[in-house]
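Biologist: Could we go through this structure together? I would like to begin with a helix and then turn to the strands.

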Amino acid sequence: MSIHKIIISLSLCISCSNLCFSQITIEECYEKSYSNYPLIQQLGLIEKAKEYTISNASKGYLPQIAVSAKGSYQSEVTNIPIDFSKLGLAGMNLPSMSKDQYGATIDINQSIWDGGAIHSKKEVINSQADVEKNSTEVNMYTLRQRVNQLFFGILLADEQIKQNRLFQELLQTNLDRIEAYKKNGVANQSDVDAIRIDLLRSKQMMIQFQSNRNAFVNMLSALTGMKMDDSTILKMPNDAVTSGINQRPELKLFQSEMELYKSQNRQLSSDLMPRLSAFATGGYGRPGLNMLEDKFKTYYIAGLRLSWNIGNFYTNKNKKRLLENSIESVNNRQEIFLFNNSLDKIQKENDLGKFREQIKYDDEILSLRKSVSRASEAKMADGTMSGTDLMRDLNAEQQAAQDKILHQIEYLKAQYEMKYITNN
């Protein structure tokens, strides 16, 4: 086999190995949960609805065409009551209309100036779409918090399982020793039973840890759409660094709501403007424009039309006040959000400080607990300590190890919760 083929084979093996042992990061979980969540489809639907609605609004610039036809019969028609025979004009008659009348018309209206109505309507449509999209983004953002809870729950379970296995190995080693001591008369059955009880309890705890992990893995798998099982490995995140700048999607939502009310305010201003349009009507019927000519005729009418709805002035002021009140309401909600957000930030900063201080002592406490346990094991070998007392010290060592794990995971989780609070 050539050197080139060997290198390719080795590369493939390394690639396969990396795939088999690849670790899932928390950033991947964020991304996958976002794309997997059904609500993500709403963003596309909002954008399509906006495009269709704006397209319909733009068609207001096109000529508006209406076609109509009618046929009617009336019991009386207009007559001119003049008796020409009395005027010496015998045999002279004025034409009269038929009682049955027919007509078909086509009406065309072309807007020349609409006072900015269509433009302001399109602004409102865009603003409404932005509000809907930002509202959806706010709902989607909460997925990060759920990912944090599940991801760090799995990491904590993993570390607890590892520590529990080490503890079981330690207990089994001591159980083997004490059983040997018993044969030599140094220990008794109660010493053996004391360790065996804690070994069984440790196995019970292992079941609990594994059950917690399986539950978290199943939920995270469903949330992200990623296939996960017992062999899934999560990568321990690095320390999170936050800039302190608040970039929460709620702030964009508040801003888009205010822009919506401002665009609606501009729309109210356009409602006060007059409208100018051109119109044309073409028709065919009996009678035509000459009502006294009882024949089918074609005809047309064309001209300009100016309209001005003065009634809008009556309610415009109150409508604007309602919009101003709505803007103030949004400002108030934003202030409340920022206030609560700052409280959450203060609380999380306190949690970070607490975990940071606790972690400082974990290594020393664990080291001292191990030293005490090793001394107790030596006393047990000399027959100067009971199995119950030995288990007390071993359990204390185990608790110190579990406390260290908990503080480290909680500290890391608190960092990512701080990132969630400010979205940076």
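Modeller: Certainly; please note that this is a predicted model. Helix α5 is followed by G225, whose phi is positive, near 80°.

Biologist: And how far does α5 reach from its first C-alpha to its last?

Modeller: Helix α5 covers residues 189-224, which is 36 residues, and reaches 52 Å. That is close to the 52 Å expected at 1.5 Å a residue.

Biologist: Now the strands. In which sense do β1 and β2 pair?

Modeller: They pair in the antiparallel sense, over ten bridges. Y73 stands opposite D100 in β2.

Biologist: What does β2 do with β3?

Modeller: β2 and β3 (residues 275-286) are also antiparallel, with eleven bridges. There, W113 stands opposite L276 of β3.

Biologist: And β3 with β4, over how many bridges?

Modeller: Eleven, again in the antiparallel sense, with β4 spanning residues 297-307. T281 has I301 in β4 as its bridge partner.

Biologist: Back to β1: how many of its ten residues are buried?

Modeller: The count is zero, so β1 is hardly covered, buried being under 20% relative accessible area.

Biologist: Which residues make the nonpolar surface patch?

Modeller: I65, V67, I106 and I108 make the patch, which is about 370 Å². The elements giving two or more residues to this patch are β1 (64-73) and β2 (100-113).

Biologist: Why does I108 count as partly exposed?

Modeller: I108, which lies in strand β2, counts as partly exposed because its relative accessibility is 34%, and that class lies between the 20% and 50% limits.

Technical notes
Residues numbered from 1 in each chain as written. Predicted model: local features only at pLDDT ≥ 70, side-chain atom pairs only at ≥ 80, totals over all residues. Heavy atoms only, no water. Patch = residues over 30% accessible without salt bridge, like charges linked within 9 Å, V, L, I, M, F, W, Y side chains within 5 Å. Areas by Shrake-Rupley, 256 points an atom, 1.4 Å probe, with all protein chains shown as cover. Salt bridge = Lys/Arg side-chain N within 4 Å of Asp/Glu carboxyl O. Helix = DSSP H or I, 4+ residues; strand = E, 2+ residues; numbered from the N terminus. Buried < 20%, exposed > 50% of the residue type's maximum accessible area, 1.4 Å probe, protein only. Expected span 1.5 Å × (residues − 1). Pairing = 2+ DSSP bridges.
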